[in-house]
Amino acid sequence: MRLLTVVMLFSSVTVFAEGYDSEYPSENVNIVKTREEMFLNSVGKPAVLRRRYFVKNLNGEYEAVSFSMPENGYIIVNIKDLTIPELSFENSNPYDNVKNPIYNGVLSYYSKVGEEFVSLKDNSSVRIEQFENVYSKEDIADKEELIRTLENTLKNQLRHVNIERYINGSLKTWYISGGHCGSIASAICMRYYYDYVSTNYVPSGSTGQNALIALMQQYVGSGGTTYSDLENGLDNYFNARNVNNSVNAMTSFSFSRVKTQINRSRPIII
């Protein structure tokens with residue numbers, strides 16, 4: 001039996017060509033670069049980057065830096081608290097050739113045009129009052145101390161973990177607007193199993209992004225979902241498809257368990 005794990009958690013030389021609107025104060029730039037390099041090195045990737053874009057949030061504050069990798073891939077680092085909301089080794093930087101780039105959290109890319117925000121995904125225009133949430137982290141004053149803490153934490157986490165660098169195969173980076181995180185993540189996982197385990201995981205007419213996300217919404221729900229929604233919905237889906245799989249949902253984060261599942265080529269929804 002294969003196992004899909006669902007975890008709910010709320011929570012080198014670097015060469016650059018500057019992107020648009022790169023007027024961010026220089027005192028924190030090296031710290032952001034250090035955070036990016038530290039993270040990429042921890043997953044076995046060289047910290048050699050091609051371009052960086054300083055992006056603002058909906059309130060017009062500098063919020064993140066989006067770094068492009070030499071061929072494909074990008075990594076986004078939050079300027080304020082040094083978290084890493086996004087990372088891809090396959091997709092191009094969403095802010096390539098974008099003026100007035102705006103970031104509103106994972107997969108939410110915009111360009112500000114006048115008083116409106118134009119989606120980089122579907123070219124739709126949105127005014128700020130139409131957004132349900134504004135992605136804006138609290139600024140941490142002592143970022144150098146945070147870097148030291150992150151380095152020590154990473155060393156402790158990796159000390160007893162047998163690391164493999166990549167999951168076998170690749171995951172889709174699908175997205176639809178409207179806050180349907182659970183059904184999107186479920187669709188990405190089911191397509192992975194369809195591609196690399198068995199075609200029984202997805203009906204032949206539902207392998208595309210919109211069709212599979214819509215199918216997952218029938219099982220895990222649309223809009224916001226809880227870990228129990230995902231667990232029960234995906235188990236019901238497995239039963240309906242007659243595949244030998246089940247879901248294990250955890251409410252606490254276990255780094256070693258996540259690594260173990262990834263090493264076994266089992267995608268995890270976090």
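**View 1. The salt bridge of Asp139 and Lys143 pairs an exposed residue with a buried one.** In this predicted model, Asp139 has 51% relative accessibility and therefore counts as exposed, the cut-off being over 50%. Its partner is Lys143, and the closest N and O atoms are 2.7 Å apart. Lys143 has a relative accessible area of 4%, so this residue is buried. A search of the whole structure finds eight salt bridges; the next two views show others.

**View 2. Arg127 and Glu116 form a salt bridge.** The closest N and O atoms of the pair are 4.0 Å apart. Arg127 sits in the loop between strand S10 (125-126) and helix H2 (143-158), whereas Glu116 belongs to strand S9, so the pair ties together parts 11 residues apart in sequence. Both ends are partly exposed: Arg127 at 34% relative accessibility, Glu116 with a relative accessible area of 29%.

**View 3. A salt bridge within helix H3 joins Arg191 to Asp195.** The two residues are four apart in the helix, about one turn. Their closest N and O atoms lie 2.8 Å apart. Arg191 is buried, with a relative accessible area of 16%. Asp195 is partly exposed, at 34%.

**View 4. Strands S7, S8 and S9 pair through two hairpins.** S7 (residues 101-103) and S8 (residues 109-113) run antiparallel, joined by three bridges. Tyr103 stands opposite Tyr109 in S8. Five residues separate these strands, and Gly105 in this hairpin takes a positive phi near 100°. S8 then pairs with S9 (residues 116-119), also in the antiparallel sense, over four bridges. Here Val113 faces Glu116 as its opposite residue in S9. The hairpin of S8 and S9 has two residues between the strands; Gly114 in the turn has a positive phi of about 65°.

**View 5. The largest nonpolar core has 22 residues.** Those with the most contacts inside this core are Met190, Tyr201, Leu212, Met216, Leu234, Tyr237 and Phe238. Helices H3 (181-196), H4 (209-220) and H5 (227-241) are the elements that give two or more residues to the core. H3 supplies the largest share, seven residues.

**View 6. Met216 touches residues including Met190, Leu234 and Tyr237.** Leaving out residues up to four places away in sequence, Met216 also touches Ser183, Ser186, Ala187 and Gly221. Apart from the core of Met216 lies another, of 18 residues, including Leu40, Leu49, Val77 and Ile84.

Terms used. Residues numbered from 1 in each chain as written. Predicted model: local features only at pLDDT ≥ 70, side-chain atom pairs only at ≥ 80, totals over all residues. Heavy atoms only, no water. Pairing = 2+ DSSP bridges. Core = buried A, V, L, I, M, F, W, Y, C linked by side-chain atoms within 4.5 Å. Buried < 20%, exposed > 50% of the residue type's maximum accessible area, 1.4 Å probe, protein only. Contact = heavy atoms within 4.5 Å. Salt bridge = Lys/Arg side-chain N within 4 Å of Asp/Glu carboxyl O.
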